[in-house]
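Good morning, colleagues. I shall speak first about how the two chains meet, and then about chain A on its own.

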Amino acid sequence: MCESMRAFGGITMRVIMDFALFTQFIINGLMQGMVYALVAVGFTLFFGVLDIIKFSHGDVLTVGAFAGLTIYLIVASIGIASPWVILVLILVFSISVTALLGAVVAKFLVIPLKQARAPALNILLITLMLGTALREAVRLFFPDGSSSKAFPALLPGGAFELGMLSLRFDSILLFATGVAVIIAMHTLITRTKLGLAIQAVAQDEETSKLMGINFEAIVLMTFMLGSAVAAIAGIINGLYYNEINFTMGLLLGAVGFSAAIIGGLGNLYGAILGGFLFAGLQTFAVVVLPIPIAYKDVFAFGVIIILIAWRPTGLIAETSSERV
Amino acid sequence: MNEFFLSRVGVLVAIVFAALYISALLYIESETMVGALVIGLAILWLVGNRTGSSGRLSATIRKNTRYTGTLSLIAVITVAAFFYNDHFNLLMLTTVMIFVVACIGLNIQFGYTGLLNFAGAAFFGAGGYTAAVLTSNTAMPHLVVLLCGGIVAVLIGFILILPVLRTRGHYAAVVTIAFSLLFRTLVEVNQVLGGAQGAPVSGLNLFGWDFNKNFEIGGFEVSFYINYFIFASLLLLISIIFSRTLERSWIGLNLDTIRLDEVAAMCFGIDIARWKTTAFAMGNFMLGVVGAFYATMLGFIAPNNFTFGDSLIMVSIILLGGIGSIPGIILAAAIVIILPEKLQAIEEYRFLIFAVGVILILLFRPNGLIRRRMRIFPGVIVKADTSV
């Protein structure tokens with residue numbers, strides 16, 4: 001009797017321990033899913049307005065994260081200590097850098113090719129090569145850029161203790177930021193004049209021009225918007241893991257791209273769903289499957305590929321009125 | 001007749017010049033001299049395009065393929081004989097030829113069928129790892145090992161492509177990019193394949209002839225890389241003939257139709273899934289075989305050589321040379337592989353330089369350095385000639 005009680009107690013103990021670890025995995029998965037969703041939103045926006053895949057998106061994220069780190073190093077050397085001021089400066093600077101980059105890419109690479117009626121393949125290739133160029137530029141021209149860089153922990157430390165469960169403040173803040181960005185994007189696209197213009201361009205380029213919408217300006221705005229969101233995703237990623245490196249955008253880009261496809265390219269909600277689905281698959285592989293942790297991406301991509309084969313237009317079926 | 005004779009002399013001069021140029025480029029050590037040679041060629045290229053002589057030259061080459069082929073073969077043998085005991089330069093020339101074959105394979109998928117494959121280096125590596133496993137664990141004849149390299153690449157390709165045949169456009173891109181990114185993880189975690197440290201591969205041994213031994217011809221000690229050089233030339237010859245024949249056949253027409261317009265291809269009763277699979281398999285087979293051969297030549301294989309960046313280098317070769325054009329691939333492969341080796345100053349920057357190069361090519365010269373010609377069937381040529 002006594003023996004069995006002790007054994008039972010042991011099992012409960014392990015279950016509770018595992019529960020703490022399990023929640024940690026869930027929180028981690030949610031954060032990762034948020035970053036993926038923010039990247040996927042960019043892909044889906046660009047596809048919505050121009051029917052193109054901009055593969056440099058992941059590397060724009062890297063540039064955003066490194067721009068943030070640069071401004072942090074400058075500000076820290078000046079001697080500003082308030083983390084909130086630094087955080088605002090980081091956000092403003094890196095969003096401006098990526099937004100500008102997005103606009104330049106659209107203006108000088110994508111729109112010219114689009115107007116020359118080049119095959120869609122060429123646009124994918126040119127942005128893929130631009131991504132390589134950006135990635136290599138970060139590696140070569142950032143001081144000691146080929147090794148991982150520590151990203152400062154600017155958010156308040158500490159955690160909520162709810163019984164066995166501990167929630168770090170910074171995770172909550174970062175997740176809330178992600179949610180706020182998504183809600184802001186949604187409001188922008190559905191409630192503002194700019195958003196209506198983006199939707200119009202996405203539905204029909206010719207008709208939107210006839211309605212007096214400045215096509216090029218809207219495309220540039222969309223690219224700036226998508227790239228700005230990528231910068232935010234890069235900074236969330238940096239603040240959460242406290243580490244960035246020049247290849248971070250490559251995998252994030254591939255994940256965001258497949259998340260956008262699985263959600264239905266051009267569909268905003270689909271992209272968010274796809275991002276969390278990918279992170280969920282990764283978490284599942286780590287927690288449940290008896291495979292090396294390094295294979296979590298292999299598993300997630302494998303499932304995504306099967307899902308693509310099953311539902312080529314995405315889990316949320318595309319209808320022309322829901323392109324953006 | 002005179003015109004005919006002159007044009008043949010032109011081809012001869014061009015080939016002799018190419019052979020001398022490549023020998024000089026490889027022979028010279030000084031970086032400034034190499035830089036001068038490169039700039040000289042660029043100027044010559046521009047002049048040739050301006051005056052239209054390159055157009056005339058390529059027209060003659062196309063009319064006299066057998067003559068040009070024989071001369072090129074003699075030129076290749078002469079260059080090899082010149083570097084008979086120079087390990088490094090033979091290795092480099094052989095590497096260029098290996099990459100040309102790999103890119104010809106990729107070109108069947110990419111240039112003919114329009115099927116995106118961003119995992120060229122991964123399929124190449126799959127062949128190499130097959131060679132590593134088979135040469136160290138079995139006594140399989142090495143010719144069979146090379147074939148197995150190709151077969152393994154084809155099988156992996158099937159697993160990847162079959163799920164997405166229902167889909168179009170960018171989906172093949174997602175799948176191959178994912179495979180390309182994950183190939184390294186797959187290999188690194190696998191201890192059977194040597195993990196991150198890599199695995200040894202034994203040198204080729206065909207019909208009792210050991211490729212890794214120096215040998216003597218008439219008192220001259222010859223580098224063992226000559227063996228690999230000759231075998232690579234054979235592979236190159238076979239793959240050029242194969243690719244050309246494929247292009248001119250009805251299969252090549254089918255593939256081009258699929259690239260240009262899938263809907264139209266379907267209307268003409270072309271089975272898109274079948275030909276995409278076939279093209280993917282043919283390309284991967286070539287990548288796998290030549291990857292296995294490359295591994296046996298280097299004697300060692302590590303995950304670092306088969307990253308996404310290396311796949312992009314292969315794509316860059318095709319785009320720089322001109323999508324679908326075999327002469328373009330040869331030229332671009334030589335540039336992309338030899339230049340970073342000769343100019344150590346740019347070695348570190350090579351990914352950046354080639355990426356920017358491809359962006360400029362796509363913006364300003366989408367057909368590449370040597371654009372692919374429309375196929376001309378022999379009967380049509382004869383008619384065109386008599387009418388003039």
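In this predicted model, 33 residues of chain B are in contact with 33 residues of chain A, where contact requires C-beta atoms, placed from the backbone, within 7 Å. On the chain B side, α8 (171–189), α13 (308–321) and α16 (350–364) each give two or more residues; helices here are DSSP runs of H or I of at least four residues, strands are runs of E of at least two, and both are numbered from the N terminus. The largest share, 11 residues, comes from α8(B).

Residues are numbered from 1 along each chain as its sequence is written, and chains are lettered from A and ligands numbered from 1 in the order in which they are written. Local features need pLDDT of at least 70 and side-chain atom pairs count only at pLDDT 80 or more, while totals for chains, interfaces and linings use all residues.

Let us turn to chain A. It has 11 helices and 4 strands. The C-alpha atoms of chain A fill a box of roughly 85 × 55 × 35 Å along the principal axes. Among contacts in chain A with a separation of 6 or more, 76% join residues 24 or more positions apart.

Finally, confidence. The mean pLDDT of chain A, on the predictor's scale from 0 to 100 for each residue, is 82, and 91% of its residues reach 70 or more. Residues 1–14 of chain A stay under 50, with 0 contacts beyond four places in sequence. Residues 320–324 of chain A are also below 50, yet this stretch has 14 contacts beyond near neighbours in sequence.

Note on methods
Two residues are in contact if their C-beta atoms, placed from the backbone, lie within 7 Å.
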